Amino acid sequence: MSQNFSRPTVIAGNWKMYKTIVEARSFVETLAPLIQNSQAEVYLSVPFTAIYPTAQRVRELKAPIVIGAQNMNDASQGAFTGEIAGKMVKEAGASFVILGHSERRRIFYEVDDLINKKVLRALQEDIQPLLCIGETLEEREKNQVEEVLRRQLEKDLHSLSKDALSRIMIAYEPVWAIGTGKVATPENIQSAHHFCRQVLSELWGDELAQKIAILYGGSVKPDNVADIIVLPDVSGFLVGGASLKPEEFNQIIAITNENI
Ligand code: PGA
């Protein structure tokens with residue numbers, strides 16, 4: 001037992017802009033029987049259009065899969081053409097939402113202040129935020145990893161109460177490791193996760209800082225999960241590319257289960 005068992009172990013898939021409704025339903029049908037006995041909790045963050053049909057199929061199959069969204073607006077509703085409100089994804093069947101993913105920050109210019117508003121809105125709508133943080137390659141090369149992580153945690157989680165903090169999850173995803181095949185070393189990962197707990201502990205106290213799930217993301221594959229899940233401050237994974245095939249995603253879940 002390498003993990004602190006008061007902390008959940010979570011394997012979250014992030015499908016990004018992949019999978020139609022038909023493809024999403026078929027994925028869930030293949031994955032469901034494979035993970036019936038998973039100790040690790042399985043989360044799937046799917047495109048908006050797939051939330052409702054996938055959540056419905058998960059319920060019918062009684063599959064242990066938590067369905068989520070990949071983004072939402074910070075307002076409760078309003079004249080925001082093309083945007084989606086938290087209560088809409090919640091009603092469609094999303095129990096959690098990825099916020100602050102580096103693709104949202106980089107391609108869609110999302111800044112910490114907006115991400116903070118989204119985190120607060122998600123909590124208000126009773127949707128669990130999965131907040132993504134992480135440094136770029138340039139920031140790592142300039143030795144700014146801790147500075148960046150501290151800034152993101154302080155700003156993105158600004159004004160959260162202890163109760164609110166206890167309902168969120170964090171994913172540390174070094175931007176240079178996302179979709180590149182370059183995985184951070186176990187030393188890099190453990191040190192970043194440990195640092196995040198230290199910052200959380202300064203702000204909300206050690207008990208909460210130790211309980212919160214901090215996932216690692218960035219080129220997670222079946223052949224690297226065993227080395228990472230055993231790290232003391234890692235509570236699971238946020239998986240992009242390798243979550244698109246049920247067999248490969250299941251391998252990640254199975255290997256994680258063997259090591260917790
Ligand atoms: P990746 O993506 O596993 O394809 O690197 C991770 C993510 O973007 O969450």
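Mentor: Let's start with a definition: Asp, Glu, Lys and Arg count as charged, and Gly is among the residues that count as polar. Keep in mind that this is a predicted model.

Trainee: Okay, so how do the residues of the shell around the ligand divide?

Mentor: The shell has 4 nonpolar, 7 polar and 2 charged residues. In total 13 residues surround the ligand, and Lys16 and Gly179 are among the closest. By the definition, Lys goes with the charged ones and Gly with the polar ones.

Trainee: What makes Lys16 a polar contact of the ligand?

Mentor: The cut-off is 3.5 Å between N or O atoms. A polar side-chain atom of Lys16 lies 2.7 Å from a ligand oxygen, so the pair is within the cut-off. Gly240 uses a backbone N or O atom instead, 2.9 Å from an oxygen of the ligand.

Trainee: And how much of the ligand does the protein cover?

Mentor: It covers 96% of the 280 Å² of accessible area that the ligand has on its own. The ligand sits in the largest pocket, too.

Trainee: Why is the Trp15 and Phe27 pair called edge-to-face?

Mentor: Planes over 60 degrees apart count as edge-to-face. Here the angle is 75°, with 4.8 Å centre to centre, so the name fits.

Trainee: Which parts does that pair tie together?

Mentor: Trp15 lies in the loop between strand E1 and helix H1, and Phe27 in helix H1, so the pair links parts 12 residues apart in sequence.

Notes:
Residues numbered from 1 in each chain as written. Predicted model: local features only at pLDDT ≥ 70, side-chain atom pairs only at ≥ 80, totals over all residues. Heavy atoms only, no water. Near = heavy atom within 4 Å. Polar contact = N/O pair within 3.5 Å; in protein donor to acceptor, adjacent residues only side chain to side chain. Areas by Shrake-Rupley, 256 points an atom, 1.4 Å probe, with all protein chains shown as cover. 1 Å grid on protein atoms, 1.4 Å probe; cavity = no way out; pocket = protein on both sides within 12 Å on 5 of 7 lines; lining within 4 Å. Sits in = over half its atoms within 2 Å of the grid points. Phe/Tyr/Trp six-rings, centres within 6.5 Å; stacked < 30°, edge-to-face > 60°. Helix = DSSP H or I, 4+ residues; strand = E, 2+ residues; numbered from the N terminus.
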